Amino acid sequence: MVCGEENLDHDVYSACGSDMMSDVLAYVKDQAVLLTGLVNSQVIRTAEMMDMVCIVFVRSKKPTEDMIELARESGIVLMTTEKRMYEACGLLYKSGLVGNGVKHE
Amino acid sequence: MSESVRFRFNVDGSNFTTAGQASVQVKKNLRELGIPAEAIRRVSIAMYEGEINMVIHAHGGEAEVIVFEDRIEIILSDHGPGIPNIELAMKEGYSTAPDNIRSLGFGAGMGLPNMKRYTDDMKIDTELGKGTTITMTVKF
Ligand SMILES: Nc1ncnc2c1ncn2[C@@H]1O[C@H](COP(=O)(O)OP(=O)(O)OP(=O)(O)O)[C@@H](O)[C@H]1O
Ligand SMILES: [Mg+2]
């Protein structure tokens, strides 16, 4: 956990993983969680524009102070994991987060 | 008939880190005005793509957002190199962005088509060596 602990009671059902913000902006629809190995302030702004609520940085990437500040202002939860993209996505997928924003049931 | 509200921003073309600030601010302002969430989302994505383009392709410029009773207009003008072939630039996947931009997460050639997709109307006025003005409308 990096920041946004106060928003942790929010349930999420979908996620996507990408290092290209261009693709996130173009292809993502209603996913709540972004997994990425990219570290710059555009990651936070992209998530904010897409109404995403949580960003997970993979491969132990750490967001900068500026990014943490931006995320706080937008109420976005930041997390980091040492897992690589494929594995981190797999874990979330296994725990029930889907890819296309529709809740399975 | 309520009066229209107008926001203006300078977009700093020399700083990739601050790119998108205007779009974040517009999103906040539109929320305060009580604009429908779906319209805010469309404005946000289209304006953010356009703002990033102004920074990575055109050394920055000015952004203006006008809120009318039933629609929002976004006007992005820059004094960059202009777009030589609009039809080509509008194609998904066409990008002249250099590798260093790609390593920052942009340059897939998806921005302009995405702006078109999320808006009800998009007009590009461009003159080589003079600059580009993109006017987008989102109805709600
Ligand atoms: N404001 C602008 N001034 C000059 N050229 C532009 C401008 N906006 C876009 N272009 C040109 O049009 C091309 C396509 O733009 P588009 O936004 O679709 O893709 P991109 O910016 O290269 O990548 P992406 O948006 O996926 O990150 C750009 O690569 C660039 O050559
Ligand atoms: Mg672009």
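**Pockets, a cavity and the ligand 1 site**

Sorted by class, the lining of the largest pocket comes out as 17 nonpolar, twelve polar and two charged residues. The model is a predicted one, and this pocket takes up a volume of about 590 Å³. It is lined by 31 residues, and those closest to the centre are Asn53(B), His57(B), Ile83(B), Thr96(B) and Leu112(B). As for secondary structure, two or more lining residues apiece come from α2, β3 (71-78), α3 (86-89), α5 and β5 (131-139), which belong to chain B. Top of that list is α2(B), which gives the most to the lining with eight residues.

What sits in the largest pocket? Ligand 1 does. Two elements give two or more residues to the shell around ligand 1, namely α2 (37-58) and α5 (111-118) of chain B. Here, too, α2(B) gives the most, this time with five residues. The shell splits into eleven nonpolar, ten polar and two charged residues.

Which residues come nearest to ligand 1? Out of the 23 around the ligand, the answer is Ser22(A), Ser95(B), Thr96(B), Gly107(B) and Met110(B). Ser22(A) is from chain A, while the other four are from chain B. The site is shared between chains, because residues from both A and B surround ligand 1. Thr96(B) turns up twice, once among the residues that come nearest to ligand 1 and once among those closest to the centre of the largest pocket.

On the polar side, the oxygen atoms of ligand 1 have several partners in chain B. Ser95(B) places a polar side-chain atom 2.5 Å from a ligand oxygen. For His57(B), an N or O atom of the side chain is 2.8 Å from an oxygen atom of the ligand; this histidine is also one of the residues closest to the centre of the largest pocket. Gly111(B) uses its backbone instead, with a polar atom there 3.0 Å from an oxygen atom of ligand 1. How much of the ligand does the protein bury? Taken alone, ligand 1 exposes 600 Å², and 96% of that is buried by the protein.

The second largest pocket holds about 230 Å³ of space. Its lining counts 17 residues, with Val33(A), Cys54(A), Val56(A), Met79(A) and Leu92(A) the closest to the centre. The elements that supply two or more lining residues are β2 (33-36), β3 (54-57), β4 (77-80) and α4 (85-94), and they are part of chain A. Of these, α4(A) provides the largest share, three residues. By class, the lining of this second pocket has 13 nonpolar, three polar and one charged residues.

That leaves the closed-off space. How many cavities of 30 Å³ or more are there? The count comes to one, with a volume of about 30 Å³. The residues that line this cavity are Ile44(A), Arg45(A), Glu48(A), Leu70(A), Ser74(A) and Val24(B), so to speak a mixed list by class: three nonpolar, one polar and two charged. At least two lining residues each come from α2 (41-49) and α3 (65-74) of chain A, and α2(A) has the largest share with three. Chain B is represented in the lining by Val24(B).

How values were computed
Residues numbered from 1 in each chain as written. Chains lettered and ligands numbered in written order. Predicted model: local features only at pLDDT ≥ 70, side-chain atom pairs only at ≥ 80, totals over all residues. Heavy atoms only, no water. Near = heavy atom within 4 Å. Polar contact = N/O pair within 3.5 Å; in protein donor to acceptor, adjacent residues only side chain to side chain. Areas by Shrake-Rupley, 256 points an atom, 1.4 Å probe, with all protein chains shown as cover. 1 Å grid on protein atoms, 1.4 Å probe; cavity = no way out; pocket = protein on both sides within 12 Å on 5 of 7 lines; lining within 4 Å. Sits in = over half its atoms within 2 Å of the grid points. Helix = DSSP H or I, 4+ residues; strand = E, 2+ residues; numbered from the N terminus. Nonpolar A, V, L, I, M, F, W, Y, C, P; charged D, E, K, R; others polar. Points joined across faces, edges and corners; volume = space filled by probe spheres on them.
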